[in-house]
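Dear colleague,

Please find below the structure I agreed to pass on to you. My notes on it follow directly after.

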Amino acid sequence: MASNNVIHLDDNNFVSEVARSDKPVLIDFWATWCGPCRALAPTIDAIADEYAGQIKVCKVDVDKSNIAGKYGIQSIPVVMAIKDGTELGRVIGNYPAKVRDLLNLLT
């Protein structure tokens, strides 16, 4: 079951939720047809629940937004850590342990 603590980003809310965020942000770039993306989803949901109030956990459906192009996303899943508007790191692929390592950059 998807977490209520995950923010779904689109072209309209990206600036307010990420670029102007007063909290660090973890973004999952994914698509509904992507098996590895679906496999990673429980990890993203668990992080969103565990770090609620400390960081923002967001998802971007690459088929419904132009945001991925802005960050040069060419394959998915990609999970990116952003703090103060600056990318601190990214994980390409379904690697839950490496995604959790990104949290060290945000907390």
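In which strand is Ala81 found? Ala81 belongs to strand β4. Please keep in mind throughout that this is a predicted model.

Since that residue opens these notes, its surroundings come next. Ala81 has a relative accessible area of 0%, under the 20% limit, and therefore counts as buried. Neighbours within four places in sequence aside, Ala81 is in contact with Val25, Leu26, Thr86, Glu87, Leu88, Gly89, Leu102 and Leu106. For a sense of distance, Asn4 is 77 residues from Ala81 along the chain, and 20 Å separate their C-alpha atoms.

Overall fold

The chain contains four helices and five strands, and in sequence order these give the pattern β-α-β-α-β-α-β-β-α. A compact globule of 107 residues would have a radius of gyration near 13 Å, and the 12 Å of this chain agrees with that. The C-alpha trace spans about 30 × 25 × 25 Å along its principal axes. As for long-range contacts, 67% of those between residues at least 6 apart in sequence join residues at least 24 apart.

Surface and charge

Of the 107 residues, 48% count as buried. The exposed area of the chain is about 5700 Å², with 48% of it supplied by carbon and sulfur atoms. There are 11 positive and 13 negative side chains, and 2 Å lies between the centres of the two sets.

Nonpolar cores

The largest nonpolar core holds 20 residues, of which Leu9, Ile27, Phe29, Tyr71 and Ile73 touch the most other members. Two or more residues each come from α1 (14–19), β2 (25–30), β3 (56–61), α3 (67–70) and β4 (78–83). With four residues, β2 gives the most to this core. A second core lies apart from the largest one; it has 16 residues, including Leu40, Tyr51, Ile55 and Val99.

Two of the residues named for the largest core can be described further. Not counting residues up to four places away in sequence, Ile27 touches Leu9, Phe14, Val18, Cys58, Val60, Val78, Val79, Met80 and Ile82. Ile73, by contrast with a residue placed in a strand, lies in the loop between α3 and β4. Its relative accessible area is 14%, so Ile73 is buried. With neighbours within four places in sequence left aside, Ile73 is in contact with Phe29, Ala68, Val78, Met80 and Arg90. Phe29 is 44 residues from Ile73 in sequence, and the C-alpha atoms of the two are 8.1 Å apart.

Backbone features

Two points in the backbone may interest you. The peptide bond that runs from Ile76 to Pro77 is cis, with omega near 0°, and Pro77 is found in the loop between α3 and β4. Asp84, a residue other than glycine, has a positive phi, near 55°. Asp84 is placed in the loop between β4 and β5 (86–92). Because its relative accessibility is 71%, Asp84 counts as exposed.

With kind regards

Notes:
Residues numbered from 1 in each chain as written. Predicted model: local features only at pLDDT ≥ 70, side-chain atom pairs only at ≥ 80, totals over all residues. Heavy atoms only, no water. Rg over C-alpha atoms; globule rule 2.2 N^0.38 Å. Buried < 20%, exposed > 50% of the residue type's maximum accessible area, 1.4 Å probe, protein only. Contact = heavy atoms within 4.5 Å. Areas by Shrake-Rupley, 256 points an atom, 1.4 Å probe, with all protein chains shown as cover. Lys, Arg positive; Asp, Glu negative; His and termini not counted. Charge placed at Lys NZ, Arg CZ, Asp CG, Glu CD. Core = buried A, V, L, I, M, F, W, Y, C linked by side-chain atoms within 4.5 Å.
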